[in-house]
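Reader: I should like a close look at a single part of this structure, taken strand by strand and residue by residue. Please describe its surroundings as well.

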Amino acid sequence: MKYVPYLLKHLRRNWVRTTSTVLAIALCIFLFCTVQSVLATINSLLESSSANRLVTRHAVSLVFNLPQAYKARIEGLDGVRRASIGCWFGGSLPAEKEELDSGSSSSTTDFSNFFPNMAVEPEPFLAMYPEYELPPEQYQAFLQDLRGAVIGRKLADRFGWKVGDTFFLESFIPPYRKPDGPFEFIVKGIFDTDEARYPGTDTNMMLFNYKYLYEATGRNLGAGVYYVEIDDPDRAGEISQAIDDLFANSDAATRTETEKAFAAGFISMAGNLALLLNGIGLAVTFTILLVTANTMSMAVRERRTEIAVLKTLGFKSGQVMGLVVSEALLLGVIGGALGIGGSHAIMWMLTHAPGISDALAGIGLSEINLQPLVAALGFGVAVFLGFAAGFVPALGAYRARITDMLRTV
């Protein structure tokens, strides 16, 4: 520790170069921690899916619905416990609620308040999703009112809703729009989840009765997807193939996959995010390593005389090498701390800033936190960058002879 003041003095000598190097390392660690935290959040959402649930959709695209008659045929297959219709409603709160109060049928849609909402068959759907814990009396109230909706705890906290509250949703999907204005919903229940048993379960969503959707629009819209619960997760591939074979020659062929694969399909629409983000992070890390190594090399070359004097005064070559490496490590430590702090700050801002936090919550990323493991890895990367950048110049100082360094003065 007695050499720390000398290290700080050396760093202050050329403060512009020191600051730029620290900021470069901080940027690298900031990107690393932010990217890995986002990927960890996405992975936790995928891991929250159940192995004994399948999703059957149209083989061409999710845009096309499936006939309602498919449900009975799917439930008749061996190994299938139950099936439920599911339709992604795509509703958002109307921006001008005062128009609804005045009886006007016109409204605008506020997409900053978007959140996941689905029309489902209440009884089979909630039976196959035990992670959604709903009190019995609220469950019965939900079944008895077509306008009823159940919402997750996070969604209730987000908008301050409680049981009995009324709200309106307007879908951005044309077939799911009513000619007389937005859908009216009444909160009949608020479901929670057991984080210990079902980690990663999203309670920032809403469910309502699919019959309300069909009756209000006056159309037989079919099923967007079928959620299928099976008896044995080990037979998921076999049962999926059996379902698809059942409708292979129909006008609406199907594609059945596990719930996890179905969720991953949405994420893959943006490309291979893990490969893309990790590739960017690796490229930035390598670039910062070169920049830091060049900075340390310049610092050592500028202090050749000082290093020669230190050796003349009795400092061993190992001590000189340790001082140079320690200086590089100090740069890494400071840069790593700044990068981790910046990553934590940006994620806090994203999850609390109006509009941005709502958009993230709409896709299930309501909580993006800097995990301790990611922060520790980021700090380790910063220390490694400092050590790797300072090792070669330090080795040169270790090997250099006093006469050679003094001759170049």
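Author: The following account concerns strand E5, its partner strands and the helix H8.

The model is a predicted one. Strand E5 covers residues 148-152, and 5 of its 5 residues are buried, so the strand is largely enclosed by the rest of the structure. Its side chains are divided between two directions: Gly148, Val150 and Gly152 point one way, while Ala149 and Ile151 point the other way. Residues on both sides of E5 are buried.

Two pairings of E5 may be described in turn. With strand E7 (residues 183-191), E5 pairs in the parallel sense, over 5 bridges. Within this pairing, Ala149 stands opposite Val187 of E7. With strand E8 (residues 206-209), the arrangement is antiparallel and comprises 3 bridges. Here Ile151 has Met206 of E8 as its bridge partner. Ala149 and Ile151, which point the same way from E5, thus serve to locate the two pairings: Ala149 opposite Val187 in E7, and Ile151 bridged to Met206 in E8.

Helix H8 spans residues 210-217, and E8 comprises residues 206-209. At the start of the helix, a side-chain oxygen of Asn209 comes to within 2.9 Å of the backbone nitrogen of Lys211. The buried residues of H8 are Tyr210, Tyr212, Leu213, Tyr214 and Thr217. These buried residues pack against E7 and E8, and also against strand E2 (80-88) and strand E4 (117-120). E7 and E8 therefore appear both as pairing partners of the enclosed strand E5 and as packing partners of H8. Just after the helix, Gly218 adopts a positive phi of about 70°.

Key. Residues are numbered from 1 along each chain as its sequence is written. This is a predicted model: local features need pLDDT of at least 70, side-chain atom pairs count only at pLDDT 80 or more; totals for chains, interfaces and linings use all residues. Side-chain values use heavy atoms; hydrogens and water are left out. Buried means under 20% relative accessible area, exposed over 50%, partly exposed in between (1.4 Å probe, protein chains only). Helices (H or I, at least four residues) and strands (E, at least two) are DSSP runs, numbered from the N terminus. Two strands pair if DSSP finds at least two bridges between them. Contact means heavy atoms within 4.5 Å. A polar contact is a pair of N or O atoms within 3.5 Å; within protein, one must be able to donate a hydrogen and the other to accept it, and residues adjacent in sequence count only if both atoms are side-chain atoms.
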